[in-house]
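Please open the structure in your viewer and keep the selection panel to hand. The tour below proceeds by selections, each followed by a description of what can be found there.

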Amino acid sequence: MAAEQVRASHILIKHEGSRRKASWKDPDGRVISATTRDAAVRQLLALREDIVSGKARFQDVAARYSDCSSAKRGGDLGRFGRGQMQKPFEEATYALKVGELSDVVDTDSGVHIILRTG
């Protein structure tokens, strides 16, 4: 079973189209509700560039900017298997090599970048 599991961290930016418009950073969802998907993608791409260029560490960026409660763990989602995450997230994670960072991934939750850690 463990061989079929992956481990990943992610950074989630929610937007007006997200299924749940609240987060630990924005409990009332005011900012999220006013954020377009395009603006969320632009922010995520800028954060990704900072990580790729070495200006920032993934864990630090996730802790500060991610709308997911996993932010307090530097974005770490732990181990998961097939069928446990939204399909686009699962497919993107399984397609990555360990240590590889995804491009922008869209789900019902928002937009993500995923770092496969195991």
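What follows is a walk through a predicted model, from its sheet to single residues and then to a pocket.

**The sheet**

Begin by selecting the four strands, which form an open sheet in the order β2-β1-β4-β3 with antiparallel pairing. Strands β2 (76–80) and β3 (105–107) stand at the edges, and because each of them has a single partner strand, one side of each is left without a neighbour in the sheet. From one strand to the next, the twist averages 40 degrees. Now add helix α3 (residues 58–65) to the selection: this helix packs on the sheet, where it touches β1 (6–13) and β4, and its direction makes about 45 degrees with that of β1.

**Across the sheet, strand by strand**

Select β1 and β2 together, and you will find that they pair in the antiparallel sense over three bridges; in this pairing, Ser9 stands opposite Asp76 of β2. Then move to β1 and β4, which run antiparallel and are joined by six bridges. Two places to label here are Ala8, whose bridge partner in β4 is Arg116, and Leu12, which stands opposite His112 in β4.

Next, select β3 with strand β4 (residues 110–116); these two run antiparallel and are joined by three bridges, and a hairpin leads from β3 to β4 through two residues. Within this pair, Thr107 stands opposite Gly110 of β4.

How much of β4 is covered? Seven of its seven residues are buried, and the strand is described as mostly covered. Strand β1 is largely enclosed by the rest of the structure, because seven of its eight residues are buried.

**Ser9, in the sheet**

Select Ser9, which lies in strand β1, and ask whether this residue is buried or exposed. Ser9 is buried, because its relative accessible area of 6% falls under the 20% cut-off. To see what surrounds Ser9, leave aside its neighbours within four places in sequence and display its contacts, which are Phe58, Gly74, Gly75, Asp76, Leu77, Ile113, Ile114, Leu115 and Thr117. A distance to draw from here is the one between the C-alpha atoms of Ser9 and Arg79, which are 9.6 Å apart in space although 70 residues apart in sequence.

**Ser18, in a loop**

Go on to Ser18, which lies in the loop between β1 and α1 (30–33). With a relative accessibility of 1%, Ser18 counts as buried. Apart from its neighbours within four places in sequence, Ser18 is in contact with Asp108, Ser109 and Gly110. If you draw a line between the C-alpha atoms of Ser18 and Ser33, which are 15 residues apart along the chain, the separation is 8.5 Å.

**Helix α4**

Select helix α4 (residues 87–95) and colour its buried residues, namely Phe89, Glu90, Ala92, Thr93 and Tyr94. What covers these buried residues of α4 includes β1, β2, β3 and β4, so it is useful to keep the strands visible while you look at the helix.

Then select Ala95, whose place is also in helix α4. Is Ala95 buried or exposed? Ala95 counts as exposed, because its relative accessibility of 63% lies over the 50% cut-off. Between the C-alpha atoms of Ala95 and Asp67 the separation is 23 Å, while the two residues are 28 places apart along the chain.

**The largest pocket**

For the last stop, turn to the empty space in the model. Rolling a probe the size of a water molecule over the atoms shows where such space is left. The largest pocket has a volume of about 330 Å³. To find this pocket, select His10, Leu12, Arg19, Cys68 and Ser109, which lie nearest its centre among the 18 residues that line it. As for the character of this lining, its residues divide into seven nonpolar, seven polar and four charged. Two residues of this selection can be tied to earlier stops: Leu12 is the residue opposite His112 in β4, and Ser109 is one of the contacts of Ser18.

Terms used. Residues are numbered from 1 along each chain as its sequence is written. This is a predicted model: local features need pLDDT of at least 70, side-chain atom pairs count only at pLDDT 80 or more; totals for chains, interfaces and linings use all residues. Side-chain values use heavy atoms; hydrogens and water are left out. Two strands pair if DSSP finds at least two bridges between them. Axes are lines fitted to C-alpha atoms, for helices over the stretch in contact, and angles run from 0 to 180 degrees between N-to-C directions. Contact means heavy atoms within 4.5 Å. On a 1 Å grid over the protein atoms alone, a cavity is a set of points where a 1.4 Å probe fits but cannot get out, and a pocket is an open set with protein on both sides within 12 Å along at least five of seven lines; lining residues have an atom within 4 Å of a point. Grid points are joined across faces, edges and corners, and a volume is the space filled by probe spheres set on the points. Ala, Val, Leu, Ile, Met, Phe, Trp, Tyr, Cys and Pro count as nonpolar, Asp, Glu, Lys and Arg as charged, and the others, Gly among them, as polar. Buried means under 20% relative accessible area, exposed over 50%, partly exposed in between (1.4 Å probe, protein chains only).
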